[in-house]
Amino acid sequence: MQWVGLDNYKYALTDPWFLRSLGNTLWLALASGVPQHLVAIPLAAFIHNSFKRSRNLVIGIYFLPFITSSVAIAMVFNTLFSRDYGQINVLIQWCASLPLVGGLFPAESIDWLGSSLFIKPAVAFVIFWRYLGWNLVLYLSALQVIPKDLYEAATIDGASKRQQFWYITLPQLRPMIYLAVTLTIMGNLQLFEEPFVLVAESSGVSQSVMTTAIFVYKTAFSSGDFGTASAISWLLFLIIASTTWVNNRILSRNERREKCKEAR
């Protein structure tokens, strides 16, 4: 053993593969994380207002992907994204044969898991599909504790459903939005299972979805450089802590602004 001080950190920060893995992580985090909440919030409000007796069944259907094995998910989507026999390409080719909108779709099959252009959107979709149900459950739990008197008073005052959602539901969901977004940031910056299992390491596009967590794994257990892997882990921890702090500042600032408006 030899004490090297901060050399591992200097090496990691100048390593192009680490910077590339960090870029892949941020791309997948934004491409899969932002749509999760943009879809989960209105979908939770719709399920909360539209389903009464069958609500638990609908929630269970959406929550099922979250508790499904990552290996099973990889096998299913490897079949769906198959270039020659995948149902997604079959659907795209069927849409391409339609007379009016056929020109918007490619006539040839897309190599989703073998092309560096399409592999990132494919993996981001799998992550979005898997964790949408988790965020949906969080927002539904918060919706159930919002006092109904607020909606009744707004209805008497003539507020539409859209106005009630914008001025009542969203402000009341702010604490849960902070929690859900924080969990998404922490989880998406540590992505490992989905890209690691879905894309074979021997494939030519595996580097396109190599996240920082996968890079740490390869550095430690494939290259045997545990010192650099530990340094990268600490850098990843600092990045997660920084983004969580920024998220806290943004949401708390908006909350203070709303309280100032109410005080006026």
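Me: Is Tyr 217 buried, partly exposed or exposed, and what is its relative accessible area?
Reply: In this predicted model, Tyr 217 is partly exposed, with a relative accessible area of 32%.

Me: Which helix does Tyr 217 lie in?
Reply: Tyr 217 lies in helix H11.

Me: How many residues of H11 are buried?
Reply: Eight of the 11 residues of H11 are buried, so this helix is largely enclosed by the rest of the structure. The buried positions are Thr 212, Ala 213, Ile 214, Phe 215, Val 216, Lys 218, Thr 219 and Ala 220.

Me: And what follows H11?
Reply: Gly 224 follows H11, and its phi is positive, near 75°.

Me: Back to Tyr 217. Which surface patch does it help to make?
Reply: Tyr 217 contributes to a nonpolar surface patch of about 690 Å². Its partners there are Val 71, Met 75, Phe 196, Val 197, Phe 221 and Phe 226. A residue needs over 30% relative accessible area to be counted in a patch, and Tyr 217 has 32%.

Me: Which helices supply at least two residues of that patch?
Reply: Helix H4 (70-80), helix H10 (193-198) and helix H11 (212-222) each do so.

Me: Different topic: how many salt bridges are there?
Reply: The count comes to two salt bridges. In one, the side chains of Arg 130 and Glu 193 meet at 3.3 Å, N to O. Arg 130 lies in helix H6 (residues 119-143) and Glu 193 in helix H10, so this pair ties together parts that are 63 residues apart in sequence.

Me: And which residues meet in a salt bridge at 2.7 Å?
Reply: That one joins the side chains of Arg 130 and Glu 194, with 2.7 Å from N to O. This pair also links distant parts of the chain, with Arg 130 in helix H6 and Glu 194 in helix H10, 64 residues apart. Through shared partners, the salt bridges join Arg 130, Glu 193 and Glu 194 into one network.

Me: Which of these side chains are buried or partly exposed? Start with Arg 130.
Reply: Arg 130 is buried because its relative accessible area is 7%, and the cut-off for buried is under 20%. Glu 194 is buried as well. Glu 193, at 39% relative accessibility, counts as partly exposed.

Me: What about pockets? What volume does the second largest pocket have?
Reply: The second largest pocket has a volume of about 480 Å³.

Me: How many residues line it, and which lie nearest its centre?
Reply: The second largest pocket is lined by 17 residues. His 48, Asn 49, Lys 52, Tyr 151 and Lys 161 lie nearest its centre.

Me: What is the chemical make-up of that lining?
Reply: The lining of the second largest pocket divides into six nonpolar, six polar and five charged residues.

Me: Which helices supply at least two lining residues each?
Reply: For the second largest pocket, these are helix H2 (16-50), helix H7 (148-156) and helix H8 (161-172).

Me: Now the overall picture. How many helices and strands does the protein have?
Reply: The protein has 12 helices and zero strands.

Me: What does the C-alpha trace span along its principal axes?
Reply: The C-alpha trace spans about 70 × 60 × 30 Å along those axes.

Me: And what share of the residues is buried?
Reply: Of the 264 residues in the protein, 38% are buried.

Definitions and conventions
Residues numbered from 1 in each chain as written. Predicted model: local features only at pLDDT ≥ 70, side-chain atom pairs only at ≥ 80, totals over all residues. Heavy atoms only, no water. 1 Å grid on protein atoms, 1.4 Å probe; cavity = no way out; pocket = protein on both sides within 12 Å on 5 of 7 lines; lining within 4 Å. Points joined across faces, edges and corners; volume = space filled by probe spheres on them. Helix = DSSP H or I, 4+ residues; strand = E, 2+ residues; numbered from the N terminus. Nonpolar A, V, L, I, M, F, W, Y, C, P; charged D, E, K, R; others polar. Patch = residues over 30% accessible without salt bridge, like charges linked within 9 Å, V, L, I, M, F, W, Y side chains within 5 Å. Areas by Shrake-Rupley, 256 points an atom, 1.4 Å probe, with all protein chains shown as cover. Salt bridge = Lys/Arg side-chain N within 4 Å of Asp/Glu carboxyl O. Buried < 20%, exposed > 50% of the residue type's maximum accessible area, 1.4 Å probe, protein only.
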